[in-house]
There are 2 protein chains.
Amino acid sequence: MGGIKLTKIKVFTNILQANDNIAQKNREIFDKNKVYTINLMSSPGSGKTSLLERTIDLIKNELRIAVIEGDLQTTNDAERIEKYGIPVVQINTEGACHLDANMVNSVLESFNFKAIDLLVIENVGNLVCPASFDLGEDDKVVMVSTPEGDDKAIKYPVMFYRAGVLLINKIDLLPYTNFDRSKIKKDALNINPGIKIWEISCRTGEGLEAWVDWLREQVEKKLAG
Amino acid sequence: MGGIKLTKIKVFTNILQANDNIAQKNREIFDKNKVYTINLMSSPGSGKTSLLERTIDLIKNELRIAVIEGDLQTTNDAERIEKYGIPVVQINTEGACHLDANMVNSVLESFNFKAIDLLVIENVGNLVCPASFDLGEDDKVVMVSTPEGDDKAIKYPVMFYRAGVLLINKIDLLPYTNFDRSKIKKDALNINPGIKIWEISCRTGEGLEAWVDWLREQVEKKLAG
């Protein structure tokens, strides 16, 4: 696997370096404006947009939220979020399998950060590539859902190594799957002993209060910091 | 999004060209030996390995099957397949989000193709990147599962444009999701009017006979061709 692999790795390093420089600029903007920012990642269809809808519902009266939606194509997700009356911008990557810092940077002028406490960046559905691209966020949040199986942490370790939070979604489907909660938690904690884990169901609402409490705390810390 | 994006696109084209040249070599090996080959792709956890287990169970007495397993890390999937007593090789991409033709080429010498009718290459779980990398296969097969949602075709169109077959898995979970079968079928057929679609459940076995019948037909065509 010599030639091609080496070429790819070299290029990837250059791209990552350029990305990290721009991510740092994004981070300065978020910090200056005291906007707590998360980078929300998962496989396609784990429930990222549903989590956003539920979270907005629970805290929109307390916190001023804004959203950046990343997708290869369509404005479906942004349209779902727009219904809640909060600022949302859709980035279409047109084939690229992840957001990068420059894509995010190019839409930041759309927001009035003086009037935003929490920015959620919903990445492209992909458990691999988005993990490597810093967007300038305060925390990476990875979501898995029970029908995907309990082997995701061990099979996609980079994502779980980099994430501060693991959300296990669709626990309402547990009775219909052979998902072992203790297995994925053990694997995730082996990879990343500091990772915080919550079990949730965006369908029934179960477990979301704990997640929202944590989110509220992070926003307050950022405002105080 | 100027500099970075252009650099990436340029590099990507070079890599794809190099990949396609090697894919052609793989294809010649498969053709010469009359081995019908599929490239099986989906999000993480849609059920690719479960499909393989079910398929092997149904046709191992008629067809000689071999498997290449692609994963970032672990030999979990290869171990699941090895139990069936068929030839299997695991490729660990160590971070790369898809198999490429060179990775596949580098393991082909492990197989005795004179004694193989059907080769299944299970790609890394990812609905984006694997679609762009020809491995030399006869057909690309994409799988989605009902808990992922019915918007996958419209949100990840490249994969559905390139695939010859769409398998809709986990239809046993339909009662617990809001998955609209007619929506994803309509979207997939809009993107790719020739795509063949089957609904299956690797858990209950529902729908698998039709899939296996089709597979048997393809193997027979390849042997006759």
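Two strands count as paired if DSSP finds at least two bridges between them. With that criterion in mind, the tour of this predicted model may begin in the sheet of chain A.

**First stop: the edge of the sheet.** Select strand E2 (residues 65-71) and strand E3 of chain A; five bridges join these strands, which run parallel. At one position along E3(A), A:Asn92 is found opposite A:Asp71.

**Second stop: the whole sheet.** Extend the selection to the seven strands of chain A, which form an open sheet in the order E3-E2-E4-E1-E5-E6-E7, with parallel pairing. Strand E3 (88-92) and strand E7 (196-199) of chain A are the edge strands, each pairing on one side only. Viewed from strand to strand, the twist averages 20°.

**Third stop: a helix on the sheet.** Now add helix H2 (residues 48-59) of chain A. Helix H2 packs on the sheet and touches strand E1 (36-42), E2, strand E4 (118-122), strand E5 (139-145) and strand E6 (165-169) of chain A. The direction of H2 makes about 165° with that of E4(A).

**Fourth stop: two helices.** Keep H2(A) and select helix H8 (residues 208-224) of chain A. The two helices pack at an angle of about 70°, and their axes are 10 Å apart. H2(A) is therefore roughly perpendicular to H8(A). Their crossing is right-handed.

Display the side chains at this contact. From H2(A) come A:Arg54, A:Thr55, A:Leu58 and A:Ile59, which meet A:Leu208, A:Val212, A:Leu215 and A:Arg216 in H8(A). By class, the contact comprises five nonpolar, one polar and two charged residues.

**Fifth stop: the interface.** Bring chain B into view. Which numbers of residues does the contact take from chain A and from chain B? Each of the two chains, A and B, gives 40 residues. On the side of chain A that touches chain B, helix H1 (2-32), helix H4 (101-105), helix H5 (152-155) and helix H6 (157-162) each supply at least two residues. H1(A) gives the most to this side, with five residues. Coloured by class, the side of chain A that touches chain B shows 20 nonpolar, twelve polar and eight charged residues.

**Last stop: the two copies.** Select both chains together. A rotation of 180°, with 0.0 Å of shift along its axis, superposes chain A on chain B with an RMSD of 0.0 Å. This is the relation of a two-fold axis. Of the interface residues of chain A, 100% are also interface residues in chain B, so the copies meet through the same surface.

Technical notes. Residues are numbered from 1 along each chain as its sequence is written. Chains are lettered from A and ligands numbered from 1 in the order in which they are written. This is a predicted model: local features need pLDDT of at least 70, side-chain atom pairs count only at pLDDT 80 or more; totals for chains, interfaces and linings use all residues. Two residues are in contact if their C-beta atoms, placed from the backbone, lie within 7 Å. Helices (H or I, at least four residues) and strands (E, at least two) are DSSP runs, numbered from the N terminus. Ala, Val, Leu, Ile, Met, Phe, Trp, Tyr, Cys and Pro count as nonpolar, Asp, Glu, Lys and Arg as charged, and the others, Gly among them, as polar. Axes are lines fitted to C-alpha atoms, for helices over the stretch in contact, and angles run from 0 to 180 degrees between N-to-C directions. Angles under 35 degrees count as roughly parallel, over 145 as roughly antiparallel, 65 to 115 as roughly perpendicular and the rest as oblique. A crossing is left-handed if the near helix is turned anticlockwise from the far one by less than a right angle, and right-handed if clockwise. Copies are superposed by least squares on the C-alpha atoms of residues with pLDDT of at least 70 in both.
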